[in-house]
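Welcome to a short tour of this protein. Have the sequence and the 3D view at hand, and follow along from one site to the next.

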Amino acid sequence: MKEATITIPVIEAQYDELTETDRRLIDEARQATERSYAPYSRFHVGAAILLDNGETVTGANQENAAYPSGTCAERSACYYAHARYPEARFMAIAIAARGTDGLEVAEPISPCGACRQALLEYETLAGRNVRVILAGRDRIYILPSVRATLPLAFTEF
């Protein structure tokens, strides 16, 4: 038996250290939290995806009393992005959230497992890494790829 260690590369940054493109993507994810429908959890999540055609598509979590019929912000954004621009490929995704107090969460949140797997499909389709930017009020994490969020990912082959 052999023990292995899996490490995930993460860059921790402050908002003012980011490129204009990354700040704009985070801003759009933060604005998307305002379009969340979260009457049950009161936890509002927004996502913004930058496409290689220059477009940015956003999504927000949408809850439903018939849990788990709702959908997360990340899947809302990625499904809409591909439905709207099927030829475009994902470049990056930013994710932001507001807690039950209505304020931006201090620490970055990460996508759930279902969203990680869905986003991995689009990273595979893109044929390149899709950067993941997780934005909190106090710090921002930047991961080089969706695969970094799901190191033992299920893939077709």
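Let us begin with S41, which sits in the loop that runs between α1 and β2. Keep in mind along the way that this is a predicted model. Is S41 buried, exposed or partly exposed? Its relative accessibility is 31%, and because buried means under 20% and exposed over 50%, S41 counts as partly exposed. Setting aside neighbours within four places in sequence, S41 is in contact with E63 and T100. The chain also brings S41 and G99 to 9.1 Å from each other, C-alpha to C-alpha, with their positions 58 residues apart in sequence.

Y37 is also placed in the loop between α1 (20-32) and β2. Y37 has a relative accessible area of 45% and is partly exposed. Which residues does Y37 touch, leaving aside its neighbours within four places in sequence? They are N61, Q62 and E63. E63 is thus a contact of Y37 and a contact of S41. The C-alpha atoms of Y37 and N64 are separated by 8.5 Å, and these two residues are 27 apart along the chain.

**The largest pocket**

N61 and E63 turn up again at the largest pocket, where they lie nearest the centre together with Y67, T71 and C72. This pocket holds about 400 Å³ of space, and 20 residues line it. By character, the lining divides into 10 nonpolar, seven polar and three charged residues. Which element gives the most to this lining? Helix α2 (residues 73-84) does, with three residues.

**Two helices**

The table sets α2 beside α3.

| Helix | Number of residues | Span between end C-alpha atoms | Expected span at 1.5 Å a residue |
|---|---|---|---|
| α2 | 12 residues | 16 Å | 16 Å |
| α3 | 14 residues | 20 Å | 20 Å |

For α2, the distance between the end C-alpha atoms agrees with the expected span. For α3, the reach from the first C-alpha to the last is close to what is expected.

Now look at the buried faces. In α2, the buried residues are A73, E74, R75, A77, C78 and A81, and they pack against β2 (44-51), β3 (56-60), β4 and α3. In α3, the buried residues are C115, R116, A118, L119, L120, Y122, E123 and A126. Their cover includes α2 and β4. Just after α3 comes G127, with a positive phi near 75 degrees.

**Aromatic pairs**

How many aromatic pairs does the structure hold? There are two. One of them joins F90 and Y122, whose ring centres are 4.9 Å apart and whose planes make an angle of 10 degrees. Planes under 30 degrees apart count as stacked, so the F90 and Y122 pair is stacked. F90 belongs to strand β4 (residues 90-98) and Y122 to helix α3 (residues 113-126), so this pair ties together parts that are 32 residues apart in sequence. Both F90 and Y122 are buried. Y79 joins them, and Y79, F90 and Y122 form one aromatic cluster.

Methods. Residues are numbered from 1 along each chain as its sequence is written. This is a predicted model: local features need pLDDT of at least 70, side-chain atom pairs count only at pLDDT 80 or more; totals for chains, interfaces and linings use all residues. Side-chain values use heavy atoms; hydrogens and water are left out. Rings of Phe, Tyr and Trp (its six-membered ring) pair if their centres lie within 6.5 Å; planes under 30 degrees apart count as stacked, over 60 as edge-to-face and the rest as tilted. Helices (H or I, at least four residues) and strands (E, at least two) are DSSP runs, numbered from the N terminus. Buried means under 20% relative accessible area, exposed over 50%, partly exposed in between (1.4 Å probe, protein chains only). On a 1 Å grid over the protein atoms alone, a cavity is a set of points where a 1.4 Å probe fits but cannot get out, and a pocket is an open set with protein on both sides within 12 Å along at least five of seven lines; lining residues have an atom within 4 Å of a point. Grid points are joined across faces, edges and corners, and a volume is the space filled by probe spheres set on the points. Ala, Val, Leu, Ile, Met, Phe, Trp, Tyr, Cys and Pro count as nonpolar, Asp, Glu, Lys and Arg as charged, and the others, Gly among them, as polar. The expected span of a helix is 1.5 Å times one less than its number of residues. Contact means heavy atoms within 4.5 Å.
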